Amino acid sequence: MLRPNEVKRRIAAGEEVHGLFSVLPDPAVVEMIGAAGYDFVILDTEHTLVDPRLLEHLIRAAETTGLTPFVRVPEGDPGAVLRALDAGAMGIVLPHVRSRADVDALIHAARYAPEGMRSLNGGRGLGYGRLDPREYIARANAEIMLIPLIEDAAGVESIDAILAGGGIDLVLPGPGDLSQSYGVPWEVRHPSVRDAVLELRAACARHSVPFCAMATTPERRADWRSDGVTAFVLGEDRDLTARALRGHRERQSGA
């Protein structure tokens, strides 16, 4: 059944929240992320092969530990938005947002009337009949977050127009694809990429839209925190797992 969006509430209150991308599609991994104390998880269905039934189980796993589940969907796929929300996602991360039209299409797919035209359905969001459908519509429109992922030079250039129309709950930069868009693939600390991310943050401040920083070190988090940022993605479960396994093997080899 639809729950209050604790991450949305905490961001509005100026409190700090931390999350991870999850590309290892296993409910046990999601449950461990929640048990480790993270506030939200971005379940990937853009690059990761996840069928709708498994996605629903991943979301259930997040719910068991109080972890707020967001889903990164493929771009230009309103059906994927609908299925993620019907499965219980509390937010949609839309990749490669390049224009205001991309946001308007997301709102149309993810919000119920009068804001959008998300297809009506029963199921787990309504608690299998426990919630009045009309109450659910109002609550879903209020609680579910829409999060554009800006990872193209065109999106950076259009960021003021993207934000000006409203309907956006959080902005997330994508340094990896931004680096490719600026002609320096995987040079995520290149000045062009750094300046683009800073421009996204500045535009969010101009339009009073929360910004979520990709910050994998305490030093980077401190820099962003000093600029008033309170939402952070701290990495990805696959990368963290691989590094932990390598580190464990190296420590054992040196024993």
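## Exercises on a predicted model

Gly37 sits in the loop that links helix H2 (27-35) and strand E2 (40-44). We'll start there; keep in mind that this is a predicted model.

**Exercise 1. Work out whether Gly37 is buried or exposed, and how far apart Gly37 and Gly165 are in space.**

Solution.
- Start with the cut-off: a residue counts as exposed when its relative accessible area is over 50%.
- Gly37 has a relative accessible area of 52%, so the label is exposed.
- Now for the pair: Gly37 and Gly165 are separated by 128 residues in sequence.
- In space, their C-alpha atoms are 34 Å apart.

**Exercise 2. Place Asp169 in the fold, classify its burial and list its partners.**

Solution.
- Find the loop between helix H8 (159-164) and strand E6 (172-173); Asp169 is in it.
- Buried means under 20% relative accessible area.
- Asp169 comes in at 15%, so it counts as buried.
- Skip the neighbours within four places in sequence, and Asp169 is in contact with Lys8, Arg111, Ile144, Met145, Leu146 and Pro210.
- Next, look at the polar atoms. The Asp169 side chain makes a polar contact with the side chain of Lys8, at 3.5 Å.
- Leu146 comes in through its backbone: its nitrogen is 2.8 Å from a polar atom of the Asp169 side chain.

**Exercise 3. Do the burial check for Glu63 and say which residues it touches.**

Solution.
- Glu63 belongs to helix H3, residues 52-64.
- Its relative accessibility is 14%, which means Glu63 is buried.
- Leave out residues up to four places away in sequence, and Glu63 touches Arg3, Gly88 and Arg124.

**Exercise 4. Compare the radius of gyration of the chain with the value for a compact globule, then fill in the global picture.**

Solution.
- For 255 residues, the globule rule puts the radius of gyration near 18 Å.
- The chain has 18 Å, so the two agree.
- For the extents, the C-alpha trace spans about 60 × 45 × 35 Å along its principal axes.
- The secondary structure adds up to twelve helices and eight strands.
- On burial, 46% of the 255 residues make the cut.
- Take the contacts with a separation of 6 or more: 63% of them join residues 24 or more positions apart.
- The accessible surface is about 12200 Å², with 54% of it from carbon and sulfur atoms.
- Finally, the charges: there are 28 positive and 36 negative ones, and their mean positions are 4 Å apart.

Notes:
Residues numbered from 1 in each chain as written. Predicted model: local features only at pLDDT ≥ 70, side-chain atom pairs only at ≥ 80, totals over all residues. Heavy atoms only, no water. Helix = DSSP H or I, 4+ residues; strand = E, 2+ residues; numbered from the N terminus. Rg over C-alpha atoms; globule rule 2.2 N^0.38 Å. Buried < 20%, exposed > 50% of the residue type's maximum accessible area, 1.4 Å probe, protein only. Contact = heavy atoms within 4.5 Å. Areas by Shrake-Rupley, 256 points an atom, 1.4 Å probe, with all protein chains shown as cover. Lys, Arg positive; Asp, Glu negative; His and termini not counted. Charge placed at Lys NZ, Arg CZ, Asp CG, Glu CD. Polar contact = N/O pair within 3.5 Å; in protein donor to acceptor, adjacent residues only side chain to side chain.
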